[in-house]
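Thank you all for coming. Before I start, please keep the sequence and the model open beside you, and stop me wherever something is unclear.

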Amino acid sequence: MTLEQLRSEADEPGWEVDPDDDWGIAVIATVGRQLKLRREAVGMRAPDFGVAVGYGEDMVYKIEGGKRIPRPEYLDKADEVLGAGGLLAAMKEDVAKVRYPKKVRDLAQAEAKAVELQLYDPLNIHGLLQTPEYARGLLLMRRPAYTEDEVERFIAARVARKSLFERDPAPEVSFVLEEWTLRRPLGGRQVLRRQLERLREAAQLRNVELQVMPMDREEHAGLAGGIEVLKFEDGSAVGRSPAVSNGRPVSEPKQLRILELRYGIIRAQAFTPRESIAFIEQLLGDT
C-alpha cells in the first residue's frame, strides 16, 4: 500500500469524539492508550504501524491520543498486527457505543431500565418502531443534510434501542401514531410497506399497545407536541414534552401528571388498539 492510499481524516469524516461526552472521551482515551502501549511493546514505530493497518501516521497518533474514534476494522487489524490475542478487538463493543450520539445513548439507557413507556410522536413514526430503511429515508430528509456517516450512526443507534422489545420481563409499551405518518412514503412505497408490516408485528406483541390517531378527529389533545413518559421499578418516573419545561426531562409529580393527563386524552381520542391494527391492514392493502 502506498502512502497515497493510506486512509486519512479526510477519508473518514464524522469519527471525532464529542467534546461534551465525558464517558466517551474516557473510553476513547483508554482505547488509544492501550493501542499505543501495545505498539511500543512490540517496538513498532507509528509510521510502520500505520502502513500495516492501512492508515496514515497522523491518524495513528490521533487515535492513540484519544482524538479520533477507531473503526472496528482498525481494532481488528491492530489486534492482528500487534499480536494482542483478541484484547484490542474486544474493545469494539464500548467503542461502538461512543459512536452513538450522547443524547441517544442516554435515552437508550433510560428505556432499558423502564418498566412502562408511554410514547406519542406527532411528526414521525416513533424511533423504536422504525425499520432501518424507513429511518434512513427520514434522516435523509433533514436540512441541513446529515453526512452519510452521521446517517449510519443514527440508524445504528435506533436499531440498538430496539433491544427493549427483547427484554425479559418485557416492559409495557404504549404508542400513539398519527395517521398521516403512516401514509407518507418516505424512502418509497416498498419502504413504507415494510414499515407498516413492522407496525403490524409490533402491535401484536403482548406487551405493546399501538394506537393510530385518525386525521378526521375534530378534537386532538396532542397539538402541543410529543410526549414521552418512562416509569421505573422503584416507582419513579421521568417525562418529556415540548409543552412542559421547554422539552427538558421532568420528574416532578405535578408535571408528570400533566403529561399523563394529556397522553390519556390522546389515547381516548385515537382508534382502539384493535381498530388500529385493522387500519394498518387496510393501509397495507392500499400500498
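Strands β1 and β4 are joined by six bridges and run antiparallel to each other, and I should say at once that what you see is a predicted model. To pick out one position in that pairing, Leu-119 stands opposite Glu-228 in β4. β1 has a pairing with β2 as well, in the parallel sense and again over six bridges, and there the bridge partner of Glu-116 is Glu-172 in β2. How many of the eight residues of β1 are buried? Six of them are, so the strand is largely enclosed by the rest of the structure.

That brings me to the nonpolar core. In soluble globular proteins, nonpolar side chains tend to be buried together. Here the largest nonpolar core has 31 residues, and those with the most contacts inside it are Leu-129, Phe-175, Leu-182, Leu-196, Leu-199 and Leu-210. The elements that give two or more residues to this core are the strands β1, β2, β3 and β4, together with the helices α7, α10 and α12, and the largest share, six residues, comes from α10. If you would like to follow one residue in the viewer, take Leu-182, which, leaving aside residues up to four places away in sequence, touches Ile-125, Leu-177, Leu-192, Leu-196, Leu-199, Val-212, Ile-280 and Leu-283. There is also a second, separate core of 23 residues, and among its members are Phe-49, Val-53, Ala-78 and Ala-84.

Let me turn to a single helix, α5, which covers residues 92–99 and whose buried residues are Val-95, Val-98 and Arg-99. Where on the helix do these residues lie? Seen down the axis of α5, they fall within an arc of 105°, so they line one face of the helix.

Now to the charged side chains, where the count comes to 18 salt bridges, and I will go through three of them. In the case of Glu-80 and Lys-77, the closest N and O atoms are 3.9 Å apart, which is within the limit of 4 Å used for a salt bridge. Both residues belong to helix α4 and are three residues apart, so they are separated by about one helical turn. As a general point, an α-helix has 3.6 residues a turn, so residues three or four places apart point the same way. Glu-80 counts as exposed, at 57% relative accessibility, whereas Lys-77 is partly exposed, with 32%.

The second case is the salt bridge between Glu-111 and Arg-161, at 2.7 Å from N to O. This pair links distant parts of the chain, with Glu-111 in helix α6 and Arg-161 in helix α8, 50 residues apart. Are these two side chains buried or exposed? Glu-111 has a relative accessible area of 2%, so it is buried, and Arg-161, with 10%, is buried as well.

The third case is Glu-148 with Arg-136, whose side chains meet at 2.9 Å, N to O. Glu-148 is in helix α8 and Arg-136 is in helix α7, 12 residues apart. Glu-148 is partly exposed, at 44%, and Arg-136 is also partly exposed, at 26%. Elsewhere, salt bridges that share partners join Arg-193, Arg-194, Glu-197 and Glu-201 into one network.

I would like to finish with the backbone. Most residues other than glycine have a negative phi, and most peptide bonds are trans. With that in mind, please look at the bond from Arg-143 to Pro-144, which is cis, with omega near 0°, and note that Pro-144 lies in the loop between α7 and α8. The bond from Asp-168 to Pro-169 is cis too, with omega near 5°, and Pro-169 is placed in the loop between α8 and β2.

As for phi, Ser-245 has a value near 55°, which is positive although the residue is not a glycine, and Asn-246 likewise has a positive phi of about 55°. Ser-245 lies in the loop between β5 and α11, and so does Asn-246. Ser-245 is partly exposed at 24% relative accessibility, while Asn-246, with a relative accessible area of 68%, is exposed.

Key
Residues numbered from 1 in each chain as written. Predicted model: local features only at pLDDT ≥ 70, side-chain atom pairs only at ≥ 80, totals over all residues. Heavy atoms only, no water. Core = buried A, V, L, I, M, F, W, Y, C linked by side-chain atoms within 4.5 Å. Buried < 20%, exposed > 50% of the residue type's maximum accessible area, 1.4 Å probe, protein only. Helix = DSSP H or I, 4+ residues; strand = E, 2+ residues; numbered from the N terminus. Contact = heavy atoms within 4.5 Å. Arc of directions from axis to C-beta. Pairing = 2+ DSSP bridges.
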